[in-house]
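Welcome, and thanks for taking a look at this model. Please have the sequence and the 3D view at hand as you read on.

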Amino acid sequence: MKSFNTEGICNRQKHYMVDPSAKITRIIEKYIRPGKYFSLNRGRQFGKTTTLGLLAERLHDEFYCLQISFEGEDGMFESEQHLAAGLADMIERELKLEHVPAELIDSWSGPVNEEKPLRDLGSRITELNRESDRKIVLMIDETDRASDNQMMLRFLGMLREKYLQRERGRDFTFHSVILCGVYDIKNLRMKFRPDEEHRYNSPWNIAAEFDEDLSFSPSEIGEMLCAYERDHHTGMDIHAVSELIYDYTSGYPVLVSGICKRLDENVAGTAAFPDVSAAWTAEGISEAIKIIEHTRAPLFEDMVKQIEDYPELKEVLKSILFEGNAITFNAYNKSLNLAKMFDYIKAVDGRVAVANRIFEVVLYDYFLSEEKLDNVTNRAAEMSRSQFVRGGDLDMEALLRKFAEHYAYVYADNDQRFVEKYARKIFLMYLKPIINGTGNYYIEAQTRDAKRTDIVVDYHGGQFLIETKIWYGSKYNEEGEEQLCGYLERLNLKKGYLLTFSFNKNKETGVKEFTKGEKTLWEITV
């Protein structure tokens, strides 16, 4: 029986997979057949290695595909001699696996010249490609594992020079070269020396721009779930489940597979979800996401490491999340370029947003855990938690009333600029310990700006929509109410909550409940 895989390479015989055929065909026709050199850079666990394997599988009958990896090969980059000898050994192994004619392997083999190792390697590459009966594609995985940047750059410089000479008809070299890793080659120096001046000099300016989308679309997720459904007969609404998984992941491959894996292996069979039919629902997906967000996963550990290694990356993410700043994406901005390279952000209508809801909540939780100013808020929520949960259900009205009391006691005397910057953060610090362990939340990115934020809370099968906003006058307030009603309609909810932070001297604090169209709105002003 197949399973969902979140570790290593996916195998179609063992794992439920999105059908990659169309993407693999586009990559071959657009990049490999024309003989282009390119970099396949995506975030951690984005399916890069699986993609290389699928490409090699498809190209096998027409090309020789040499698949090498720098994983665990740090010693290769101690010197040119180590690098050339290591590459020669790796390529020889691949030539044998590809069943290249014996005379070509014999010609390739032998110790590398110690005085001019890279020149010797280059000569071997020329002879191999001149005499080969097929075009040769070189795939290098984990290119950002190089422990010595300078050695890596010298090797790439050699490949670049041979490529240019080939284009002039004066050399023979690999038909196509694919470099695969998280770090773009131009950012290798950022990886190795993040505390030093960043330089963008790159010998890889011959590379074609790789723009194939490797994320999963809702329809692709649906095709994978169809295969699962044929085996398990859950009766799930495949379209609805696919759309919901995409809403949370934006198609990030390991997160898609992670939700499915949790549903199949951890959610189904529990007291709340006794079988697969109960698990493959909106409530089951919420439970799976809660498990993922509270698990020490390599992907999230790497994210925390990167934002601590690069303070500018940390600041831009906090600005997007907590202050709702509308940041226009610019590929030449160092912080934004880093965040995009790691796939932590995406551009939506030219503006920057966190890449997916799961990343967003993981980042929120991490940043909130660092905050000293709101320790008192966190403790107050912990002490009051039992007041808001009755019969397993969350009493949102009671929660908001108590938050208003806490806010008035602790933060009423703070200046307007402080509260405008930290209002949403203060509320999230209060909300998180109350729902932690049973519920989860996410921020609706499409409605968030510097003035308002929609927070969606899932708790024990119930869903709540809370809009937090700064008071900027009656007209803006009415527009916000209209937008909230529209979002309630999309979520199929009849009631919404407004938490308004007002600095109007004549403000009326307290609670009011009113209807707008067919929706009931419950507003508390602090």
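Which residues does N356 touch, not counting residues up to four places away in sequence? N356 touches Y248, T249, S250, Y252 and L255, where contact means heavy atoms within 4.5 Å. N356 itself is placed in the loop between strand 6 (351-354) and helix 16 (357-370). At 4% relative accessibility, N356 counts as buried; here buried means under 20% relative accessible area, exposed over 50%, and partly exposed in between, with a 1.4 Å probe and protein chains only.

Before going further, a word on the ground rules. This is a predicted model, in which local features need pLDDT of at least 70 and side-chain atom pairs count only at pLDDT 80 or more, while totals for chains, interfaces and linings use all residues. Residues are numbered from 1 along each chain as its sequence is written, and side-chain values use heavy atoms, with hydrogens and water left out.

**The overall picture**

The protein has 20 helices and 14 strands. Both kinds of element are DSSP runs numbered from the N terminus, with helices being H or I of at least four residues and strands being E of at least two. Along the principal axes, the C-alpha atoms fill a box of roughly 85 × 55 × 35 Å. Of the 526 residues, 53% count as buried. Among contacts between residues at least 6 apart in sequence, 70% join residues at least 24 apart.

**Two helix pairs**

Let us turn to helix packing. Helix 8 (residues 218-232) and helix 10 (residues 253-267) pack at an angle of about 20 degrees, with their axes 12 Å apart. For these values, axes are lines fitted to C-alpha atoms, for helices over the stretch in contact, and angles run from 0 to 180 degrees between N-to-C directions. Helix 8 and helix 10 are therefore roughly parallel to each other. The cut-offs are under 35 degrees for roughly parallel, over 145 for roughly antiparallel, 65 to 115 for roughly perpendicular, and oblique for the rest. On the helix 8 side, I221, M224, L225, Y228 and H232 meet V256, C260 and D264 of helix 10. By class, this contact of helix 8 with helix 10 has 6 nonpolar, 1 polar and 1 charged residues. In that scheme Ala, Val, Leu, Ile, Met, Phe, Trp, Tyr, Cys and Pro are nonpolar, Asp, Glu, Lys and Arg are charged, and the others, Gly among them, are polar.

The second pair brings us back to the helix that follows the loop of N356. Helix 12 (residues 282-293) packs with helix 16 at an angle of about 45 degrees, their axes lying 10 Å apart. That makes helix 12 oblique to helix 16. I289, I292 and E293 in helix 12 meet I358, V361 and V362 in helix 16. The classes in this contact of helix 12 with helix 16 are 5 nonpolar, no polar and 1 charged residues.

**Cysteines**

How many disulfides does a search of the whole structure find? The search finds 0 disulfides, a disulfide being a pair of cysteine sulfur atoms within 2.5 Å. For C226, the closest cysteine sulfur is in C260, 12 Å away and too far for a bond. C226 is partly exposed, with a relative accessible area of 29%, whereas C485 is buried at 10%.

**Other sites to look at**

N477 sits in helix 20 (residues 474-491) and counts as buried at 8% relative accessibility. Leaving aside neighbours within four places in sequence, N477 is in contact with K469, W471 and E523.

E142 lies in the loop between strand 3 (136-141) and helix 6 (149-167), and its 15% relative accessibility counts as buried. Not counting residues up to four places away in sequence, E142 touches R44, S69, F70, E71 and C180.

Finally, some backbone angles. Most residues other than glycine have a negative phi. The table lists two residues with a positive value.

| Residue | Phi | Loop | Relative accessible area |
|---|---|---|---|
| D343 | near 65 degrees | between helix 15 (334-341) and strand 5 (345-348) | 13%, buried |
| H460 | about 50 degrees | between strand 10 (452-459) and strand 11 (462-470) | 53%, exposed |
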